[in-house]
Amino acid sequence: MNTIKIPIEYGRDGFAQVTDDTDDYYKQLLSITARTERDMSPLFPEFGVQDPTFNIVDNGVFLINASKYIPEIILTEIDTNIDEQGNNFIRFNFTRR
């Protein structure tokens, strides 16, 4: 099932979409995992990471969430960093199972 692309883009044919089971689809899921704060979802309060505004995202928590909620992939690399302006960057690589 296709999913709306994030950030949302709107074109002549409607919202841009990402095709299920593609690398772009899994990149989007991992990005959502890294940008969601814990306790934001009442159904899954353990989903997400600590507030990434002033803290580097915890690689272990990110890895646990990816393993639990996106079992179709294996994270092979995670690198987190905060630049001088306070922007939080997460770089990851993965393979599909």
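Modeller: Contact here means heavy atoms within 4.5 Å. This is a predicted model, in which local features need pLDDT of at least 70 and side-chain atom pairs count only at pLDDT 80 or more, while totals for chains, interfaces and linings use all residues. Residues are numbered from 1 along each chain as its sequence is written, and side-chain values use heavy atoms, with hydrogens and water left out.

Colleague: What percentage of the contacts in the chain with a separation of 6 or more comes from residues 24 or more positions apart?
Modeller: The count takes the contacts in the chain with a separation of 6 or more. Among these, the part from residues 24 or more positions apart is 32%.

Colleague: Which word describes how α1 lies to α2?
Modeller: Helices are DSSP runs of H or I with at least four residues, numbered from the N terminus, and axes are lines fitted to C-alpha atoms over the stretch in contact, with angles from 0 to 180 degrees between N-to-C directions. Helix α1 (residues 23-35) packs on helix α2 (residues 59-69) at about 135°, the axes being 10 Å apart. Angles under 35 degrees count as roughly parallel, over 145 as roughly antiparallel, 65 to 115 as roughly perpendicular and the rest as oblique. Therefore α1 is, relative to α2, oblique.

Colleague: Which element gives the largest share of the largest nonpolar core?
Modeller: Such a core joins buried (under 20% relative accessible area, 1.4 Å probe, protein chains only) Ala, Val, Leu, Ile, Met, Phe, Trp, Tyr and Cys residues through side-chain atoms within 4.5 Å. The largest one has 14 residues, with Tyr26, Leu30 and Phe62 among those with the most contacts inside it. Two or more residues each come from α1, α2, β5 (73-82) and β6 (88-96). The largest share, 4 residues, is that of α1.

Technical notes: Buried < 20%, exposed > 50% of the residue type's maximum accessible area, 1.4 Å probe, protein only.
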